[in-house]
Structures are given as structure tokens and as C-alpha cells.
Amino acid sequence: DTDASNPGRVIIRCYDASGSLLGSGGYIRGMSNFAFAFSSDYGGSYASSDAAGDAYFMARPEVKTIEVIIAGGSKSCRLREFSVFTKDMGGTSAWVGYEEGVPGANIAKAPPKSGTWQAGKIIYNNAPAPGGYAGWICVGSGSPGLWKGFGAIAP
């Protein structure tokens with residue numbers, strides 16, 4: 001949901017099950033007042049129109065992973081709220097490219113269950129709790145890799 005005085009664009013990059021970028025082919029369809037059009041921007045992406053308000057879209061079944069980019073439009077974008085939902089509400093992971101003070105790290109509610117990961121990748125726990133971990137580190141490259149908790153939190 002973008003601020004009405006600072007509309008922006010939602011840009012979607014689509015990937016298949018092997019992690020390959022999907023190009024043109026109608027992989028994204030707008031489901032609200034936003035229309036999505038394919039362009040070569042960002043290496044191949046679907047961009048919404050420059051408008052304020054909620055942007056809903058649907059991806060075709062071949063799309064297994066998406067990258068969401070928020071960009072300015074006719075003005076600088078001011079994001080008021082951001083949420084990701086799936087139709088079945090199950091088996092979905094959201095990875096945030098926000099690297100708060102730790103380059104190359106992400107935050108999530110659990111270690112990855114899909115995708116290909118390299119040893120050394122760190123995921124910080126966005127909901128730490130007593131008896132849990134501060135995050136997870138990939139100790140064995142692969143799909144999804146071998147993940148181990150680190151930073152035990154005292155009960």
C-alpha cells in the first residue's frame with residue numbers, strides 16, 4: 001500500500017523451480033487497479049503502473065519464487081505497509097532483502113525448506129524466543145542445504 005501523495009511501482013521478478021529467471025510470457029497478472037507489464041528492466045520484470053493504493057497480483061503455477069521490488073514512480077515512493085499472502089497460506093517462505101547491519105544476511109521465521117543455498121549463508125530469526133535460536137547458518141551447501149541453529153537463547 002503506497003502513500004497517496006507518493007505513488008510508486010511494484011516490480012516483480014519471477015523464477016522457476018530451478019531458480020532460473022522467467023522472462024516474458026504473462027507470468028504475472030494484475031488483480032487490482034494495478035496493471036502489470038513486462039519489460040527488460042531489472043533483467044526482466046513485471047512492473048505495475050504508477051499509482052497509489054493496494055497492488056494485488058497472481059502468478060502462474062510455473063512461478064515458484066518471486067522477487068518483489070518497490071520503486072519510485074512519478075515521485076519518490078513512500079511505503080506505508082507491505083504484506084505477502086499466498087492462496088493456500090502454506091509452505092511459503094518470505095525472504096527480506098533487508099540486511100540490517102549484516103551484509104548478506106536475511107531475516108525469516110524459519111530456516112529455508114527450498115531453494116539452493118551456499119554454506120555460510122545466515123538467516124536471522126525474526127521471532128526469537130526463550131529456548132530458541134538467534135538464527136540459522138547453512139553448514140552444508142545444497143537444496144535446501146543443511147541448516148543449524150546458532151545463538152541459543154536461554155529459557
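These are my notebook entries on a predicted model of one protein chain.

**Entry 1: confidence and overall make-up**

I started with the confidence scores, since the model is predicted. The chain has an average pLDDT of 79, and 73% of its residues reach at least 70. I then looked up how the confidence varies between elements. The lowest mean is that of β8, at 78, and the highest is that of β11, at 95.

Next I asked how many helices and strands the chain has. I found zero helices and eleven strands. Read from the N terminus, the elements are therefore β from beginning to end. I also noted the burial: of the 155 residues in the chain, 24% are buried.

**Entry 2: the sheet from β8 to β11**

I looked up an open sheet of four strands. Its order is β8-β9-β10-β11, and its pairing is mixed. Which strands are at the edges? They are β8, residues 106–108, and β11, residues 146–152, and each of them pairs on one side only. I wrote down the twist as well: with direction ignored, neighbouring strands in this sheet are turned by 35° against each other on average.

I took the β8 side of the sheet before the β11 side. Strand β9 covers residues 122–125, and its pairing with β8 is parallel, over three bridges. One bridge I checked by residue: Ala108 has Asn125 in β9 as its partner.

I stayed with Asn125, which sits in strand β9. Is it buried or exposed? Its relative accessibility is 15%, so Asn125 counts as buried, the cut-off being under 20%. I also checked its distance to Lys109. The two residues are 16 apart in sequence, while their C-alpha atoms are 5.6 Å apart in space.

**Entry 3: the hairpin of β10 and β11**

I turned to the other side of the sheet. Here β10 and β11 run antiparallel and are joined by six bridges. In this pairing, Cys138 is opposite Trp147 in β11. The two strands form a hairpin, with five residues between them. In the turn, Gly142 has a positive phi of about 155°.

I looked at the peptide bonds in this part too. The bond between Ser143 and Pro144 is cis, with omega at about 5°. Pro144 is in the loop between β10, residues 133–140, and β11. I noted this bond because most peptide bonds are trans.

**Entry 4: a positive phi at Tyr42**

My next lookup was Tyr42. Its phi is near 60°, which is a positive value in a residue other than glycine. I marked the value because most residues other than glycine have a negative phi. Where is Tyr42? I found Tyr42 in the loop between β4, residues 36–39, and β5, residues 45–48. Its relative accessibility is 42%, so Tyr42 counts as partly exposed.

**Entry 5: salt bridges**

I searched for charged pairs, because side chains of opposite charge can pair when their charged atoms come close. How many salt bridges does the whole structure have? The search gave two.

One is between Arg13 and Glu67, whose closest N and O atoms are 3.0 Å apart. Arg13 belongs to strand β1, residues 8–15, and Glu67 to strand β7, residues 65–72, so the pair ties together parts that are 54 residues apart in sequence. I checked the burial of both residues. Arg13 is buried, at a relative accessible area of 17%, whereas Glu67 is partly exposed, at 32%.

Another pair is Glu62 and Arg60, where the closest N and O atoms are 2.5 Å apart. Glu62 is partly exposed, with a relative accessible area of 34%. Arg60 is also partly exposed, with 31%.

**Entry 6: a nonpolar patch**

Last, I looked at the surface. Which residues make the nonpolar surface patch? They are Met31, Tyr56 and Met58, and the patch has an area of about 310 Å². I followed up on Met58, which is found in strand β6, residues 57–59. Its relative accessible area is 39%, so Met58 is partly exposed. A residue in a patch must have over 30% relative accessible area, so Met58 passes that cut-off.

Conventions: Residues numbered from 1 in each chain as written. Predicted model: local features only at pLDDT ≥ 70, side-chain atom pairs only at ≥ 80, totals over all residues. Heavy atoms only, no water. Pairing = 2+ DSSP bridges. Axes fitted to C-alpha atoms, helices over the stretch in contact; angles between N-to-C directions. Patch = residues over 30% accessible without salt bridge, like charges linked within 9 Å, V, L, I, M, F, W, Y side chains within 5 Å. Areas by Shrake-Rupley, 256 points an atom, 1.4 Å probe, with all protein chains shown as cover. Salt bridge = Lys/Arg side-chain N within 4 Å of Asp/Glu carboxyl O. Buried < 20%, exposed > 50% of the residue type's maximum accessible area, 1.4 Å probe, protein only. pLDDT = per-residue confidence, 0-100.
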